[in-house]
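Please examine the protein shown below. The report that follows begins with one loop and then turns to the chain as a whole.

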Amino acid sequence: MQTPTPIIAANWKMFKTIDQAITFVVQLQGELGPVHDREVVIAPPFTALQAMRQIMNVPGFRLAGQNCHWEEQGAFTGEISPLMLRDAGCDYAIAGHSERRHVFGETDEETGKKVQALFRHGIVPILCVGETLEEREGGKTFDVITRQITAATEGLPPEASAKLVLAYEPVWAIGTGKTATPDQAQEVHRFIRDKCASLFDKDVAKGLRLLYGGSVKPDNVDALMAREDIDGMLVGGASLEVPSFKRIIQFHTGEK
Ligand code: PEP
């Protein structure tokens, strides 16, 4: 089986105006040139999607939404639908980010509905899972991950589960400067792949792209990316400046 193409994804959260987003991407593309052996995915604020679409048609670059509602349209003030994300040029969307779960109270069930809705509209979900510090210290990491993946993928048709991207983002590592060690991340990634083998199919699980997220920086990306079951990065803070995000995109690992 072919090794999955790595994904380096930027989650810009509630940062950058339209002008700042465009300036960033133009500079990044100018410095990187075409990207062929990895995918660069950028999730800007919704307001910048349409403008960014015009400049993201460069090989290797893809646009993502940071969140969505599960309905196609309706009386849901302040929400955005998968249909609208598709219309704005998104190929990917983040589902179940820990800030959605822990700041806005999103449930496993709601995350599952988002995953299903995104697939219905031809958008690949980047499903985030991860434990809090309390859960890790209580020895509950694997139970939490199992619960989150099971709830979010229930009833997914096989062709959809084969495309799903999962991001392991330990809540204690997001925006805190504390990164999981490569061993800690690898251990959970292996668990996720094995879990997906039992929930979906062994071959499907081998081909899935499993991203790590949580204080990824230029100085830890290589060691994380070198581990067998880590196929990409989901980056918050360090994706906001061109030099650090560019260095993360240019990770090097040697042979895995
Ligand atoms: C994130 O928001 O998904 C994230 C991983 O943030 P940071 O890289 O800042 O920890």
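Lys-16 lies in the loop between E1 and H1. In this predicted model, Lys-13 is found in that loop too, which connects strand E1 (7-11) with helix H1 (18-32). The backbone angle phi deserves attention at both positions. For Lys-13, phi is near 50°, a positive value in a residue other than glycine. For Lys-16, phi is near 90°, again a positive value in a residue that is not glycine. The table sets out these two angles.

| Residue | Phi |
|---|---|
| Lys-13 | near 50° |
| Lys-16 | near 90° |

Strand E1 and helix H1 belong to a protein that has 12 helices and eight strands. The radius of gyration of the protein is 17 Å, close to the 18 Å that the globule rule gives for 256 residues, so the protein is as compact as a globular protein of that length. Measures along the principal axes add to this description: the C-alpha trace spans about 50 × 45 × 35 Å.

How much of the protein is buried? Of its 256 residues, 52% count as buried, meaning under 20% relative accessible area. The accessible surface of the protein comes to about 11,700 Å², and carbon and sulfur atoms account for 51% of that area.

Contacts show how the chain is folded together. Among contacts between residues at least 6 apart in sequence, 71% join residues at least 24 apart.

Charge is the last topic. The protein has 27 positive and 34 negative side chains. The centres of these two sets lie 2 Å apart.

Technical notes
Residues numbered from 1 in each chain as written. Predicted model: local features only at pLDDT ≥ 70, side-chain atom pairs only at ≥ 80, totals over all residues. Heavy atoms only, no water. Helix = DSSP H or I, 4+ residues; strand = E, 2+ residues; numbered from the N terminus. Rg over C-alpha atoms; globule rule 2.2 N^0.38 Å. Buried < 20%, exposed > 50% of the residue type's maximum accessible area, 1.4 Å probe, protein only. Contact = heavy atoms within 4.5 Å. Areas by Shrake-Rupley, 256 points an atom, 1.4 Å probe, with all protein chains shown as cover. Lys, Arg positive; Asp, Glu negative; His and termini not counted. Charge placed at Lys NZ, Arg CZ, Asp CG, Glu CD.
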